[in-house]
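Subject: Structure handover

Hello,

Here is the structure for your files. My notes follow below it.

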Amino acid sequence: MVYVRFGARLLAAVLMLAVSYLVLTACSQSEQTAEEYLMGTYVTLKVYSPQAAVIEKTVERLREIENLMSANLPESEVGLINGAAGKSAVKISSDTFNVIETALYYSQLTNGAFDPTIGPLVNLWGIGTDKARIPSNKEIERSLRLVDYRTVILDKEQQSVKLPYAGQALDLGGIAKGYAADEAKRILKANGITSAIVNIGGNIMTLGTRPDGNPWRIGVQDPLGPRNSYIGIIQLIDETAVTSGNYERYFEIGGKRYHHILNPFTGYPSRSGLLSATIITKRSIAADALSTAVYVLGLDRGMELVESLPGIEAIFVTDDFKIYLTKGIIQRFDLTNPEYKVENSGQNK
Ligand code: AMP
Ligand code: MG
């Protein structure tokens, strides 16, 4: 297993690689473990594969992505863009440029429910850090004025990004893990791996089937239960499942929970009636952006959006313990926790 912390802003991310071969399974699987601490990042490796080098390459790539895109590292490309806000454009790698471009695509698609310029608000609330607090309305208003994905200036030719107003800040925490999962899969595949599962802090990516040819069985986190307790199981082949929820990072004051998914219109943690939203599709970058977005949009608007997108499925868990599924996931979801109830059969309510 590999534990990777994508900086303090992102969840302690877990990369779990159970890599095995369809043919070689029984005879040549060996277990290897390794632990590292790098740039504030814990990396632990547990590999079921004779090919430790592939795992190392994958982890190296994840580290590279963190170093490019973490908003907490002033020397990362996102750090440099934020440092130059209101001043100048910053030339960046195609990696970071593509992730920002994709983030803005999902901002448009979701009418700003997903907004990578959320940085000033993320910093203000400090959720998940030791500076977490409830800001004043005035502070929230001030930060909110800086949050607007439409202001980001992309120059494709120069491959540069500019934030036009001082104080603006990008935060790719809602999408970078998805990109990392896609990249992990690409590298594993390019190195001949046909069966793998990658878990980056709740972003699950599967490659192929299980070594025995059956689909991967993935537990959907119970938003109210302890870690690794599930509401149900979904079956995946070569797909990703990404969950956004109010249980990942939060603090509580006066019985009220303040969590890390912020509503870009109010400036407060989103209160849409959802406990979690899971997106199932091929590309983890899409699933990551959309799970954050539909969590903000809530059940009705989220369901409408996902049903309009081909190849994308969703599982919504509402705060009255009901589960709503899109049409394409009904056959592949098994409820295992009787405290929840599958409410619809994918039809609009
Ligand atoms: P996720 O866990 O993928 O739902 O992403 C949550 C993280 O994305 C937060 O910790 C912030 O860094 C960032 N974030 C919070 N609210 C939003 C939002 N409305 N749009 C985009 N990113 C957000
Ligand atoms: Mg996300």
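Which residue in strand 9 is the bridge partner of Ala-196? Leu-207 is. Strands here, like helices, are DSSP runs numbered from the N terminus (H or I, at least four residues, for helices; E, at least two, for strands).

Before the rest, some housekeeping. This is a predicted model, in which local features need pLDDT of at least 70 and side-chain atom pairs count only at pLDDT 80 or more, while totals for chains, interfaces and linings use all residues. Residues are numbered from 1 along each chain as its sequence is written, chains are lettered from A and ligands numbered from 1 in the order in which they are written, and side-chain values use heavy atoms, with hydrogens and water left out.

Overall

The protein has 9 helices and 19 strands. Of its 349 residues, 56% count as buried (buried is under 20% relative accessible area, exposed over 50%, partly exposed in between, with a 1.4 Å probe and protein chains only). Among contacts (heavy atoms within 4.5 Å) with a separation of 6 or more, 60% are between residues 24 or more positions apart.

Strand 9 and its partners

Strand 9 covers residues 203-207, and 5 of its 5 residues are buried. Asn-203, Met-205 and Leu-207 lie on one side, Ile-204 and Thr-206 on the other, and both faces are covered. Strand 9 pairs with strand 8 (residues 196-200) in the antiparallel sense over 5 bridges; a pair requires that DSSP finds at least two bridges between the strands. These two strands form a hairpin with 2 residues between them, and Gly-201 in the turn has a positive phi of about 50 degrees. Strand 9 is also joined to strand 12 (residues 240-245) by 3 bridges, again antiparallel. There, Met-205 has Thr-240 as its bridge partner.

The three-stranded sheet

An open sheet of 3 strands has the order 10-11-18 with antiparallel pairing. Strand 10 (216-221) and strand 18 (333-335) are at the edges with a single partner strand each, so one side of each has no neighbour in the sheet. From one strand to the next the twist averages 25 degrees (axes are lines fitted to C-alpha atoms, and angles run from 0 to 180 degrees between N-to-C directions). Strand 10 is joined to strand 11 (residues 230-236) by 6 bridges, and Gln-221 stands opposite Tyr-230 in strand 11.

The magnesium site

The magnesium ion (ligand 2) has as protein donors Gly-174 (O), Asp-288 (O), Asp-288 (OD) and Thr-292 (OG1), at 2.0 to 2.4 Å. Donors are N, O and S atoms within 2.8 Å of the metal (3.2 Å for Na, K and Ca), and water is not among the atoms, so sites may look incomplete. The sequence spacing of the donor residues is G-x113-D-x3-T. Asp-288 and Thr-292 are 4 residues apart in helix 8, so about one helical turn separates them. Both Asp-288 and Thr-292 are buried.

Helix 9

Helix 9 (residues 299-307) has Leu-299, Gly-302, Met-303, Leu-305 and Val-306 as its buried residues. Down the helix axis these fall within an arc of 165 degrees, so they line one face of helix 9; the arc is that of the directions from the axis to the C-beta atoms. The face turned away from the buried side carries the exposed residues Asp-300, Arg-301 and Glu-304. Cover for the buried residues includes helix 4 (94-109), helix 8 (284-297) and strand 15 (274-281).

Regards
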